[in-house]
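This report looks at how two ligands are held in a protein chain, and then turns to a single residue elsewhere along that chain.

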Amino acid sequence: MLKISRIARRFASTKKAEVLVIGGGPGGYIAAIKSAQLGMNTVCVEGRGALGGTCLNVGCIPSKSLLNNSQIYHTIKHDSASRGIVGTENVAIDFPKLMEAKEKCVKGLTGGVEMLFKKNKVDYVKGWASFVDPHKVTVKGLDGNDVEIEADNIIVATGSEVTPFPGIEIDEERIVSSTGILSLKEIPKRLTIIGGGIIGLEMASVYSRLGSEVTVVEFQPAIGAGMDDEVAKTIQKLLTKQGLKFKLSTKVISGKRNGDVVDIEVEDAKSGKTEQIESDVLLVAVGRRPYTKGLNYEAAGLEADNKGRLVIDSEFKTKHPHIRVIGDVTFGPMLAHKAEEEGVAAAEYIKHGHGHVNYNNIPSVMYSHPEVAWVGQNEKQLKEQGIKYKVGKFPFIANSRAKCNQETDGFVKFLADAETQRILGVHIIGPNAGEMIAEAGLALEYGASTEDIARVCHAHPTLSEAFKEAALATFDKPLNF
Ligand code: FAD
Ligand code: NAI
C-alpha cells in the first residue's frame, strides 16, 4: 500500500493560478470567491476535508446552533407559565438530537460553500499546502495525490488553533477544548471552564441551560475579554442570576483527569489561597493562536512575530508583495467577519491595487442571553486617550416591545464626542443586540452624530426604539424614560 501511494505521490500534477488561496475558512473562501468574481483564475486549497474553516466546522456555526436550541428549551421549561403557556413541565432535552441538529446545520453550510465555489468557478483542491518557494506550493492531497501549484499571487488564510494550557492535557472527552465541548456525548453534571472570554461564556450559557452546574474560572478581575466595564459587570450579574458561578482573579494551577472526573486546583490571585474543584468536564478556553503548522512559510521568506502572527503591511502584503495574509493567522481581532472583510479587500488589492477595511468599525457580539454587542471605543479607551465624551443610555425595561416580549434586561449605551456628538462607540446588552449593532456600524461608518440617529424615524413597537432613545439621551432628555 505504502509503495503504491509513494508512486502515486511521485506523479504529482501541476496547476497554475493567478490567485492561490491557502485555507478555506471565512477569510480564505471569501477571498477565493471574490478573486474569481473579479475574473482571476483562482485555486483554493483546504486540508480539513470541508470548507468553512473553524467558523463553520467547529466555531461560530455549531456554537450558535447549540446556543439557539438550548435557549428555546430553557424558555419553554422555565419561562412559559407567565406567558400563559402551560403543560411544559415534562419538556426534556434529547441530547443526541440537539447535536444532530447542529451537525445538520454545519453540513448544510459547508456544502453550501462548496456549491458557491462551483458556481463561481473556484478550483477547490483538497489537501495541505506547503511552500516550496515564494511562487510555488505542494499540496499533500487528501486522496493521496500530490499537486504542485504555481501562482502569480498567493493569499494565506490558514487561521488559528486553540491555545493550550501548560500542563493540562486535552483529551477532548473529559478535558476539552472548544472543539470537544461542541460534541460532548452527554450533558456533564458539573462543568468547569478556564477563561471567562467569549467562548467560555457562550459555552457556559449552553450547558447551564441544559442543567449543568457551571463554574467559570477567570484570571482577570472581570469577564468578557474586551467589553465595556459597565457592560461586563451587568452581564456577569445576569449570568449569575441564571445560575453560573464565577471565580474571578483566580489562577488555575493544575487540572488532571482521574477516571471519569477531573481534579482542578485553583489559587486566589490576591490571597494565594488554593482550592480543589472536582468536575465532570473541564473546558480550556484561554484564547486562540495563529496556525501555520506544515505551511513551511520560511521557504517563501515570510516572517512571524513573537505571537506567531505572520507579518504584513497595511495592504496585507508580506515582504513579497505578491503574497498576502489575512484572517486569524495575522493581526487584529479573531473574528469571522473581520477575516471576510480582509478576504474581499485582498482580492481587490490584487485586481485593482486598492481595497479597504475599517478596523475602527468591527463589531463584536457575544451570543449569550441577553446578547452583548459593541462597536467602536469603550469608556476606558476614551479615558486613556483623554477624549471628552458624553454617555446616553436607555434601558430595555422602558421599551414597549421588550416589555411585550418579557425580555427587559439590559440597555443601549452611546458614547459620543462631547462637543460634536459624533458617535465614538455603542455598547448594547439586551435582546437581539447582535442584530441591532449593525445600525451602529452603519452610523459609525458614515460619521453620524447621535442627533442624526435620534432624528431618524424608527418603527414602533421595536427594540430599535431603545437605540434611538439612547442616542437622544446623549444630548437631550429621552422621551419614554
Ligand atoms: P479559519 O476559519 O481557522 O480557517 C482556516 C482554514 O485553513 C482551516 O479550515 C484550516 O484547515 C485551513 N488550513 C490551515 N493550514 C492549511 C494548509 N497548510 N493547507 C490547507 N489548508 C490549511 N467568530 C465570529 O465572528 N463570530 C462567532 O460567533 C464566532 N464563534 C466562534 C466560536 C468558537 C467555538 C470558535 C473556536 C471561534 C469562533 N469565532 C467566531 C472565531 C472564528 O471562527 C474565526 O475568527 C474565523 O474562523 C477565522 O477565519 P480564518 O479564515 O482566518 O481561519
Ligand atoms: P478570549 O481571548 O475571548 O478569552 C480568553 C479568556 O481567558 C480571557 O478572559 C483571559 O483573561 C482568560 N485567561 C487567559 N489565561 C487564563 C488562565 N491561565 N486562567 C484563567 N483565565 C485565563 O478567548 P476565547 O474565549 O478562547 O476565544 C478565542 C477567540 O475566538 C476570541 O478571539 C474570540 O473573538 C473568538 N470567538 C468569538 C465569538 C463571537 O464572536 N461570538 C465566539 C467565540 C469565540
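Which backbone N or O atom lies 2.9 Å from an oxygen atom of ligand 1? In this predicted model, the atom in question belongs to Asp328.

**Ligand 1**

The protein buries 95% of the 990 Å² that ligand 1 exposes when taken alone. Its surroundings comprise 39 residues, of which Glu46, Arg48, Thr54, Lys64 and Ala336 come nearest. By class, this shell divides into 17 nonpolar, 17 polar and 5 charged residues. Several elements each supply at least two residues of the shell, namely helix H2 (26-37), strand S2 (42-46), helix H3 (53-58), helix H4 (60-78), strand S3 (123-133) and helix H9 (336-352); the greatest contribution, 4 residues, is that of H3. Besides Asp328, whose backbone has already been described, a polar backbone atom of Cys55 is found 3.3 Å from an oxygen atom of ligand 1, and a polar backbone atom of Leu335 is found 3.2 Å from an oxygen atom of this ligand.

**Ligand 2**

Around ligand 2 there are 22 residues, with Ile199, Glu202, Glu218, Gly287 and Val365 as the closest. The shell is made up of 13 nonpolar, 5 polar and 4 charged residues, and helix H7 (residues 198-209) accounts for its largest share, 3 residues. Backbone atoms of three residues that approach ligand 2 are listed in the table, together with the kind of ligand atom involved.

| Residue (backbone atom) | Atom of ligand 2 | Distance |
|---|---|---|
| Ile198 | oxygen | 3.3 Å |
| Phe219 | nitrogen | 3.2 Å |
| Val365 | nitrogen | 2.7 Å |

Val365 thus appears both in the table, at 2.7 Å from a nitrogen atom, and among the closest residues of the shell. Of the 840 Å² of accessible area that ligand 2 has on its own, the protein covers 77%.

**Phe481**

Is Phe481, which is found in the segment after helix H14 (464-472), buried or exposed? Phe481 counts as exposed because its relative accessibility is 62%, where the cut-off for that class is over 50%. Phe481 is nevertheless in contact with Phe394, Pro395 and Ala398, once its neighbours within four places in sequence are left aside. The C-alpha atom of Phe481 is also separated by 8.8 Å from that of Asn399, although these two residues are 82 residues apart along the chain.

Definitions and conventions
Residues are numbered from 1 along each chain as its sequence is written. Chains are lettered from A and ligands numbered from 1 in the order in which they are written. This is a predicted model: local features need pLDDT of at least 70, side-chain atom pairs count only at pLDDT 80 or more; totals for chains, interfaces and linings use all residues. Side-chain values use heavy atoms; hydrogens and water are left out. A residue is near a molecule or strand if one of its heavy atoms lies within 4 Å of it. A polar contact is a pair of N or O atoms within 3.5 Å; within protein, one must be able to donate a hydrogen and the other to accept it, and residues adjacent in sequence count only if both atoms are side-chain atoms. Accessible areas come from the Shrake-Rupley method with a 1.4 Å probe; for residues, only the protein chains shown count as cover. Ala, Val, Leu, Ile, Met, Phe, Trp, Tyr, Cys and Pro count as nonpolar, Asp, Glu, Lys and Arg as charged, and the others, Gly among them, as polar. Buried means under 20% relative accessible area, exposed over 50%, partly exposed in between (1.4 Å probe, protein chains only). Contact means heavy atoms within 4.5 Å.
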